[in-house]
Amino acid sequence: MKITYLLGVFALLGAVTACQSDRETDQSPAPVASSIYKESGNGETTASAPDLAGARAAAATTTQQQEVLTYINQARSKPCQCGTKVYPAVPALALNAQLNAASDKHAVDMATYNYFSHTGRDGSQPWDRMTREGYKWRAAGENIAAGYTTTRAVVDGWLKSPGHCQNIMSANFKEVGVGYGYSTSSSYKHYWVTDFGTKL
């Protein structure tokens with residue numbers, strides 16, 4: 001009886017931690033900023049649009065966006081431990097063009113102007129940038145990361161960070177946008193953004 005119980009515990013532990021990949025663990029740690037979340041948006045923003053004139057950074061490709069979406073939805077398809085809390089499986093997210101635009105512009109801006117923050121150079125927050133793209137939200141969140149060279153590595157990095165993992169596993173979100181910026185002249189070269197949202 002005791003052996004059966006222990007096997008059941010180990011099986012559950014294996015299922016819970018399966019939201020994180022075993023691949024690409026040899027990559028050196030890269031920075032992830034604290035995740036950020038807000039509810040009950042009114043769809044208004046006072047932030048001005050950033051000046052991206054002359055930006056030379058590369059933006060996300062459709063392939064990168066689809067890969068990040070796939071890895072996020074794989075994690076959401078089963079229970080996942082984020083820090084000390086276990087989150088149940090939740091429905092898959094859908095890519096949203098407005099959230100893609102908000103994510104991509106912020107990633108490219110960070111790569112172009114060599115900074116790493118949820119706060120844009122114009123003082124904007126993630127929900128300001130979502131609203132700017134026409135996304136009327138009732139729940140909004142953002143994960144950012146820098147230095148990761150592949151889509152698998154960046155999603156794994158987020159899943160290993162409790163706050164970012166919570167955004168990925170949140171049942172409050174229905175849609176996501178994926179952004180990527182690359183610049184050889186920036187500190188981390190690779191910059192990633194996922195903007196999570198649910199419409200009003």
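These legends describe close-up views of a predicted model.

**View 1. Overall chain: six helices and seven strands make up the fold.**
From the N terminus on, the elements run α-β-α-β-β-β-α-α-β-α-α-β-β. The protein chain has 200 residues, of which 47% count as buried. Consider the contacts with a separation of 6 or more: residues 24 or more positions apart account for 79% of them.

**View 2. The disulfide: Cys82 is joined to Cys165.**
A search of the whole structure finds one disulfide. Its S to S distance is 2.0 Å. The link of Cys82 and Cys165 is left-handed, with -60° about the S-S bond. Cys82 lies in strand β2 (residues 80-82) and Cys165 in helix α6 (residues 162-169), so the pair ties together parts that are 83 residues apart in sequence. Cys82 counts as buried, at 2% relative accessibility. Cys165 also counts as buried, at 0%.

**View 3. The loop before α6: Ser161 contacts His164.**
Ser161 is placed in the loop between α5 (151-159) and α6. With a relative accessibility of 14%, Ser161 counts as buried. The side chains of Ser161 and His164 are joined by a polar contact of 2.7 Å.

**View 4. A stacked ring pair: Phe173 with Phe196.**
Five aromatic pairs are found in the structure. In the pair of Phe173 and Phe196, the rings are stacked, 5.4 Å centre to centre, with 25° between the planes. Phe173 sits in the loop between α6 and β6 (175-182). Phe196 belongs to strand β7 (residues 190-199). The pair links distant parts of the chain, 23 residues apart. Both Phe173 and Phe196 are buried.

**View 5. A tilted ring pair: Tyr180 with Trp192.**
The ring centres of Tyr180 and Trp192 are 4.4 Å apart and the planes stand at 50°, so the pair is tilted. Tyr180 lies in strand β6 and Trp192 in strand β7, so the pair ties together parts that are 12 residues apart in sequence. Tyr180 counts as buried, at 8% relative accessibility. Trp192 is buried too, with a relative accessible area of 1%.

**View 6. Further rings: a cluster and two charges over rings.**
Phe116, Tyr188 and Tyr191 are linked into a cluster by ring pairs. Elsewhere, arginine side chains meet tyrosine rings. The charged end of Arg121 sits over the ring of Tyr113, 3.7 Å from its centre. The ring of Tyr71 has the charged end of Arg152 over it, 4.1 Å from the ring centre. Arg152 is one of the buried residues of α5.

**View 7. Strand β5: an enclosed strand paired with β7.**
Strand β5 spans residues 137-146. Nine of its 10 residues are buried, so the strand is largely enclosed by the rest of the structure. β5 and β7 run antiparallel and are joined by nine bridges. Within this pairing, Ala139 has Thr198 of β7 as its bridge partner.

**View 8. Helix α5: nine of nine residues are buried.**
The helix is mostly covered. Its buried residues include Thr151, Val154, Val155, Trp158 and Leu159. Asp156 is also among them, as is Gly157. The buried residues of α5 pack against two helices, α2 (62-76) and α6. They also pack against the strands β2, β5 and β7.

**View 9. Asn96: a buried loop residue and its surroundings.**
Asn96 is placed in the loop between β4 (94-95) and α3 (97-113). At 7% relative accessibility, Asn96 counts as buried. A polar atom of the Asn96 side chain lies 2.8 Å from the backbone nitrogen of Gln98. Leaving aside its neighbours within four places in sequence, Asn96 is in contact with Tyr135, Glu175, Val176, Gly177 and Lys199. The C-alpha atoms of Asn96 and Asp195 are separated by 9.6 Å. Along the chain, Asn96 and Asp195 are 99 residues apart.

How values were computed:
Residues are numbered from 1 along each chain as its sequence is written. This is a predicted model: local features need pLDDT of at least 70, side-chain atom pairs count only at pLDDT 80 or more; totals for chains, interfaces and linings use all residues. Side-chain values use heavy atoms; hydrogens and water are left out. A disulfide is a pair of cysteine sulfur atoms within 2.5 Å. Helices (H or I, at least four residues) and strands (E, at least two) are DSSP runs, numbered from the N terminus. Buried means under 20% relative accessible area, exposed over 50%, partly exposed in between (1.4 Å probe, protein chains only). A polar contact is a pair of N or O atoms within 3.5 Å; within protein, one must be able to donate a hydrogen and the other to accept it, and residues adjacent in sequence count only if both atoms are side-chain atoms. Rings of Phe, Tyr and Trp (its six-membered ring) pair if their centres lie within 6.5 Å; planes under 30 degrees apart count as stacked, over 60 as edge-to-face and the rest as tilted. A charge sits over a ring if NZ of Lys or CZ of Arg is within 6 Å of the ring centre and within 35 degrees of the ring normal. Two strands pair if DSSP finds at least two bridges between them. Contact means heavy atoms within 4.5 Å.
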